[in-house]
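The following exchange examines how several geometric descriptions are justified. Each answer sets a value against the criterion that applies to it.

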Amino acid sequence: MRVLVVGAGGQVGTALKDLGISLGHHIIALDRSELDITDGASVTTSLEHHEPDTVINAAAYTAVDRAEAESALAFSINADGAENIAKACKQLDIPFLHISTDFVFDGTKLGAYVEEDSVGPLSVYGNSKAEGEKRIQNLGGKNIILRTAWVFGGEQNFVATMQRLGESRDELNIVNDQTGGPTSNLEIANCLLAIAEKVQEEGFSDWGIYHFAGAPSVTWYEFACAIFAGRDKPVLHPIPTEKYPTPAVRPKNSVLDCSKIKDVFDIDQPDWRKALSAIIS
Ligand SMILES: NC(=O)c1ccc[n+]([C@@H]2O[C@H](COP(=O)([O-])OP(=O)(O)OC[C@H]3O[C@@H](n4cnc5c(N)ncnc54)[C@H](OP(=O)(O)O)[C@@H]3O)[C@@H](O)[C@H]2O)c1
């Protein structure tokens with residue numbers, strides 16, 4: 001399978017490239033310097049040139065707090081950029097797999113979010129990702145939008161930050177009233193490549209939005225406890241969000257119900273503890 005990965009230098013993009021190659025796929029991995037998704041003409045030219053079976057968009061503006069002051073940039077990448085790829089894919093009749101986020105929800109639901117729940121983003125980042133989803137869906141075409149959450153496994157994420165802080169600090173205050181599903185970048189890559197294969201099948205028609213996140217759901221504090229399990233230090237203190245103010249507001253509950261992806265693609269929710277222990281060891 002020829003898979004073109006856009007945003008190949010990022011956390012999920014790198015995993016897609018490495019895993020895809022190891023599974024024997026022909027991966028065309030383009031980082032930002034090779035393809036800027038805000039340049040619509042270049043996106044079309046690149047797709048025409050590489051003739052992939054599927055395009056996966058792992059490119060995004062992901063600086064959640066900085067986005068509050070860089071709204072135009074976040075929207076140009078997460079909305080215009082996503083739309084550019086969807087347009088080119090539609091024009092060339094290529095299946096398009098796009099990644100979105102739990103931050104499109106407002107976090108007030110009691111229970112896990114299903115794909116049909118209304119979005120209500122609380123931040124510029126969440127708004128820009130929700131706009132990207134809307135633009136892709138409005139175009140129609142062969143699109144899958146995979147909403148995931150709390151990604152770890154690369155160089156910049158909660159696990160990496162905790163590991164770095166754990167080297168220098170004896171005590172850490174961690175937010176204990178935001179709940180979500182930590183998800184390994186490799187598991188997301190594995191999921192997307194499995195979907196990429198399924199959509200090649202004759203007559204496939206289950207396009208649309210899917211949720212995919214790790215289990216069990218935890219708070220950031222509980223996740224940190226798992227990261228430092230078996231260590232005396234740092235000592236962890238659970239705190240409410242109010243005690244750790246950030247420029248962007250985050251949903252209190254961003255648990256994603258992942259039964260649709262199981263029903264349609266037979267993809268299970270991964271247990272994040274396995275991926276975490278591999279990283280820690
Ligand atoms: N990280 C999370 O916790 C999380 C949670 C839920 C959903 N997601 C979603 O998962 C997807 C992958 O996230 P990630 O964690 O892998 O993010 P990441 O590590 O920040 O990677 C994003 C990549 O996109 C690239 N990029 C930015 N603007 C671009 C442009 N105009 N053209 C081409 N490439 C561009 C970045 O390049 P530069 O580094 O050069 O800017 C970076 O390599 C995103 O859609 C994100 O919204 C992430």
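**Geometry and its criteria**

Pro216 lies in the loop that runs between strand 10 (208-211) and strand 11 (218-219). The model is predicted.

Q: What makes the peptide bond from Ala215 to Pro216 cis?
A: Its omega is near 0°, and the bond from Ala215 to Pro216 is accordingly cis.

Q: Which residues does the other cis peptide bond described here join, and where is its proline found?
A: Lys233 and Pro234 are joined by a cis peptide bond with omega about 0°. Pro234 sits in the loop between helix 7 and strand 12 (235-239).

Q: Why are helix 5 and helix 7 called oblique to each other?
A: The axes of helix 5 (residues 158-168) and helix 7 (residues 220-227) cross at roughly 60° and come within 10 Å. Angles under 35 degrees count as roughly parallel and 65 to 115 as roughly perpendicular. The value of roughly 60° belongs to neither class, and helix 5 and helix 7 are therefore oblique. Their crossing is right-handed.

Q: Which residues of helix 5 and helix 7 meet, and how do they divide by class?
A: From helix 5, Phe158, Val159 and Met162 meet Trp220, Phe223, Ala224 and Ile227 of helix 7. The residues of this contact comprise seven nonpolar, no polar and no charged.

Q: Why is helix 3 described as roughly parallel to helix 4?
A: Helix 3 and helix 4 (residues 124-139) pack at about 20°, with their axes 8 Å apart. Because angles under 35 degrees count as roughly parallel, that angle makes helix 3 roughly parallel to helix 4. The crossing in which helix 3 passes helix 4 is right-handed.

Q: Which residues make the contact of helix 3 with helix 4, and of what classes are they?
A: On helix 3 the contact includes Ser71, Ala74, Phe75, Asn78 and Lys90, and on helix 4 it includes Val124, Tyr125, Ser128, Arg135 and Leu139. By class there are nine nonpolar, four polar and six charged residues in the contact of helix 3 with helix 4.

Q: What makes helix 2 oblique to helix 3?
A: The axes of helix 2 and helix 3 cross at roughly 40° and come within 9 Å. Roughly parallel requires an angle under 35 degrees, and roughly perpendicular begins at 65, so helix 2 is oblique to helix 3. This crossing of helix 2 and helix 3 is right-handed. Among the residues in contact are Val43, Thr44 and Leu47 of helix 2, with Ile85, Ala88 and Leu92 of helix 3. The contact of helix 2 with helix 3 has six nonpolar residues, four polar and one charged.

Q: How do you know that the span of helix 3 is close to the expected one?
A: Helix 3 (residues 71-92) has 22 residues and reaches 31 Å from its first C-alpha to its last, set against 32 Å expected at 1.5 Å a residue.

Q: Where is the kink in helix 3 centred, and how much is it?
A: The kink is about 25° and is centred on Asp80. Just after helix 3, Asp93 takes a positive phi of about 55°.

Q: What is notable about phi of Glu51, and where is Glu51 found?
A: Glu51 has phi near 45°, a positive value in a residue other than glycine. Glu51 is in the loop between helix 2 (40-50) and strand 3 (54-57).

Notes: Residues are numbered from 1 along each chain as its sequence is written. This is a predicted model: local features need pLDDT of at least 70, side-chain atom pairs count only at pLDDT 80 or more; totals for chains, interfaces and linings use all residues. Axes are lines fitted to C-alpha atoms, for helices over the stretch in contact, and angles run from 0 to 180 degrees between N-to-C directions. Helices (H or I, at least four residues) and strands (E, at least two) are DSSP runs, numbered from the N terminus. Angles under 35 degrees count as roughly parallel, over 145 as roughly antiparallel, 65 to 115 as roughly perpendicular and the rest as oblique. A crossing is left-handed if the near helix is turned anticlockwise from the far one by less than a right angle, and right-handed if clockwise. Two residues are in contact if their C-beta atoms, placed from the backbone, lie within 7 Å. Ala, Val, Leu, Ile, Met, Phe, Trp, Tyr, Cys and Pro count as nonpolar, Asp, Glu, Lys and Arg as charged, and the others, Gly among them, as polar. The expected span of a helix is 1.5 Å times one less than its number of residues. The bend at a residue is the angle between axes fitted to the seven residues ending there and the seven starting there.
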